[in-house]
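Biologist: Please take a close look at one part of this model and tell me what surrounds it, and then place it within the wider picture.

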Amino acid sequence: MANQKSNFQLVANGILKENPIFKLALSMCPAVGISTTVMNGVMLGTAVLFVQVFSSVTISLLKNFIHPRIRIPTYTLTIATWVTVIDLSLAAYFPAAYAQMGIFVKIIVAFAIITMRLEMFACKEPVTASFWDGIGMGLGFLVGMVCIGFVRELLGSGAILGHDVLGFKPLLFFILPSAGFFVVGIMMGFFNWIEAYYTKRKRGEA
Amino acid sequence: MKMILTIIVRLTVSCLIAGTIMGATFVFTNKAKKANEFAREEKVVYALLGYSKTNPIPESTGMHEIFRYVVSDGVAPSIGYLVPVGTHGHDGGFSFVRIDLDGAYLDSAPVSLSEEKVRNPADRAAAIAAAIGTGKEIRFTDQTIVVTDHGKRTAYLLSGKFPGFKTHIAIILALDPDYSIIGFEVMEHEEDPGLGAEIVQDYFKNQFKYKPFEKIKTLKVVKAPLPGDYFDALEGRIDKAAAIDLMKKNRDQDIYALTGATISSTAVSIGIKGMSKKFAYRLDILDKVLQEQQIAVPF
């Protein structure tokens, strides 16, 4: 079941072709609820990136010892363990970062994207491939969150990264959770449109 | 049957391994975490009182810690306060003063504790237990710091926890001698980022500043947009004197709820209301008892 993709392709796959938010439509809850600013997106994206990579590698290493009947509980346990370890280590050794990221790390346990990636990829593939897939998925999530955060922060509070750029607030609606659905929906459509456009052109040339 | 057993055994083993890893991490990191928390607490306390590196805390300032315990001796519960005794500048050690639930004085006992050991919960509990004799159980509830300048009270610092939207919110609240709010800082919370987590922002926290005790007693949260000029003042975007002026003008205004996070806003308001009211009630009783019994305290 070895995959044929190179490491670079695995990373690119996570960011573009199988972007967790825009293509797989997983972990929509944080994408809608938390992506009100670019900074929130960066924080949550980074936290997911680390947990995804660590969990993917762990499951890939242990894949021969995991009984198929209890694989889902094992995934959850693995994620919970890594979240706890990262949370405690950050609190102990990087208090400044913890003050910023603490709340983001704690909510990751329930993220669908990580469990799903362990089930679809890490439990079948070798460790190196799982590592790069984890990086790709984490980056894909980060990019997605930052894109949504950019639109919502700009339109909702007229700012980027907390700096006032517009000087006024165009639409408060974009800060509210319901606006998340609209932004995600529109961006999903946009991503799919780009892909469809390029596939068409490729076919036309071929 | 065999399958069930395999599943049980494997699940148990997985849980045990995960538990061991998490436990080991906790043991390894707890000390550093505690040290960080203590350092942060100290910094927050100084910031709330308006001191910083460029404006250091003056020599004449005293910080006196009061620890509150619930004492049960099998008959009726009572409240015990571990207070420093002696007049200002003359260290007289510590004393454990017991007050019954109606606010009447029961007894007091000197406690032998050093300045350093009083910060350690285990040492403190052991010393109190030795002082009040056997047959009584004590349970720590909270601690307060009374800040004095030249022996006169300038502020009270209370640490407290109350329920938020998801889990608890822990804050440090600074009150002036009239129980008006000097400010507060959120120490720990797990509210949703972008929504309830906005409680740590200046434009929310500073709304509580200068609110008089009379107002706190009836403090409410209103669902109305925060006026633009008030927002700028709260965020410190305008001249400092003008900002303070505007905040004082709004001292009788209810708290403007955070957009999309009314529950978190209400939780903080109710929490602060409860903390201030209870503290004012308890301190009045303690002061009365200390005065009646002529126990000299440095605060």
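Modeller: If we set aside the neighbours within four places in sequence, A:Ala47 is in contact with A:Met101, A:Phe104, A:Val105 and A:Ile108, and it should be kept in mind throughout that this is a predicted model. A:Ala47 belongs to the largest nonpolar core, which has 101 residues, and it is listed among those that touch the most other members, together with A:Val51, A:Val105, B:Leu82, B:Leu157, B:Leu173 and B:Phe184. In chain B, this core draws at least three residues from each of domain 2 (61-148) and domain 3 (154-282).

From this core we can turn to the contact between the chains, to which chain A gives 27 residues and chain B gives 23 residues. On the side of chain A that touches chain B, the elements that give two or more residues are helix 4 (71-93) and helix 5 (95-106) of chain A, and helix 4 of chain A gives the most, with 12 residues. That side of chain A divides into 16 nonpolar, 9 polar and 2 charged residues.

Within chain B, the domain assignment gives domain 1 (1-57) besides domain 2 (61-148) and domain 3 (154-282). The centres of domain 1 and domain 3 of chain B, taken over C-alpha atoms, are separated by 28 Å, and 5 residues of domain 1 are in contact with 7 residues of domain 3. On the side of domain 1 of chain B that touches domain 3 of chain B, the residues divide into 4 nonpolar, no polar and 1 charged.

Terms used
Residues are numbered from 1 along each chain as its sequence is written. Chains are lettered from A and ligands numbered from 1 in the order in which they are written. This is a predicted model: local features need pLDDT of at least 70, side-chain atom pairs count only at pLDDT 80 or more; totals for chains, interfaces and linings use all residues. Two residues are in contact if their C-beta atoms, placed from the backbone, lie within 7 Å. Helices (H or I, at least four residues) and strands (E, at least two) are DSSP runs, numbered from the N terminus. Ala, Val, Leu, Ile, Met, Phe, Trp, Tyr, Cys and Pro count as nonpolar, Asp, Glu, Lys and Arg as charged, and the others, Gly among them, as polar. A nonpolar core is a set of buried Ala, Val, Leu, Ile, Met, Phe, Trp, Tyr and Cys residues joined through C-beta atoms within 7 Å. A residue is buried if 20 or more other C-beta atoms lie within 10 Å of its own, exposed if 12 or fewer, and partly exposed in between; C-beta atoms are placed from the backbone. Domain bounds come from an automatic or database domain assignment.
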